[in-house]
Amino acid sequence: MTAALDILPVTQMPADGPYGPAGTHGVTARLFDPPALATLAARRGGGIALAAAARVELGLDLADAPRLSRADGLSAIGTAPGRWLLLAGTEGDLAARLAPLAPHAAITEQTDAYVGVEIDGPHARDLLAKGVSLDLDPAAFPPGAAATTNVAHVNVSFWREPGEDRFVFLVARSYRVAFARFLVASGAEYGLELVHRG
Amino acid sequence: MRIPCPYCGARDASEFAYLGDATLTRPDPAAPDAADAFHAYVYLRDNPAGAHSEWWYHAGGCRRWVKVARDTTTHAIAGAELAEGAR
Ligand SMILES: [Zn+2]
């Protein structure tokens, strides 16, 4: 089923298309380049002022927790105390948009550092159970929950999209092939569709 | 063993790097007995059987140092706090 991986150099991205038994479709994984991405780190003692500025200037309720906060197409994923990954849903001048936060936080451009992987389908959690050591049942990991952890020795940040059984992973760009191989090897038995989203 | 990171929640120990004894205080390098004090600080450990206080680094998660109260005989963890603000 994953014989395709046996002949593929470990440095080469698996091709788009279906993996697994013909006619089955349990998981879809869409790889995409984030339109714009930055890290946000609150200055020492500046957490309250930063949260206030995010609320007033961006309408963003910046939870200081491993959770997704989202407003107006801008997603903030808590990765550590006083730290977030900021992901814009569309291309644009993210630096200009975040400028009002600059007095209260260090903002670092990261757009090319990560790739995104959107994973959904009826067997999405069965695939992820082979690599994620967290309980992803909605009772333990509800919509909007986020985590930074290791999956198949690859460090990732991910969250569950609100209202859906869909997960979005951010993976360091140089690990994208290793992560895709994990997806193919773990998802093929359920029928995996691998797609590069333009 | 799962370690309850105060930020991330309970995580497998494989996500953490171990430093060790969190009860030590760095000696004053200007003190007259500094050489002996640093020898003890760097090399000498009590190796307690039972309650212990330890530093763990959450390398695979929030990348923060966590001070963990762990029983070395049962691995039961009584509590954990971020180094920042730890007592
Ligand atoms: Zn942590």
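In this predicted model, the buried residues of helix H5 in chain A are A:Val177, A:Phe179, A:Ala180, A:Arg181, A:Phe182, A:Leu183, A:Val184, A:Ser186 and A:Gly187. Apolar side chains such as A:Phe179, A:Phe182 and A:Leu183 are on that list, but so is the charged A:Arg181. With 9 of its 12 residues buried, H5(A) is mostly covered. "Buried" here stands for a relative accessible area under 20%.

The helix itself runs from residue 176 to residue 187. From the first C-alpha to the last, H5 of chain A spans 16 Å, close to the 16 Å expected at 1.5 Å a residue. An α-helix has 3.6 residues a turn, so positions three or four places apart point the same way.

H5 belongs to a chain whose secondary structure amounts to 5 helices and 12 strands. Across chain A, 50% of the 198 residues count as buried. Among contacts in chain A with a separation of 6 or more, 66% join residues 24 or more positions apart.

The overall dimensions come next. The C-alpha atoms of chain A occupy a box of roughly 55 × 35 × 25 Å along the principal axes. The radius of gyration is 18 Å, which agrees with a compact globule, because 198 residues packed that way would give a value near 16 Å.

On the outside, chain A has an accessible surface of about 9,000 Å², and carbon and sulfur atoms supply 52% of that area. As for charge, the chain carries 16 positive and 21 negative side chains. The centres of these two sets are 5 Å apart.

Note on methods: Residues numbered from 1 in each chain as written. Chains lettered and ligands numbered in written order. Predicted model: local features only at pLDDT ≥ 70, side-chain atom pairs only at ≥ 80, totals over all residues. Heavy atoms only, no water. Helix = DSSP H or I, 4+ residues; strand = E, 2+ residues; numbered from the N terminus. Rg over C-alpha atoms; globule rule 2.2 N^0.38 Å. Buried < 20%, exposed > 50% of the residue type's maximum accessible area, 1.4 Å probe, protein only. Contact = heavy atoms within 4.5 Å. Areas by Shrake-Rupley, 256 points an atom, 1.4 Å probe, with all protein chains shown as cover. Lys, Arg positive; Asp, Glu negative; His and termini not counted. Charge placed at Lys NZ, Arg CZ, Asp CG, Glu CD. Expected span 1.5 Å × (residues − 1).
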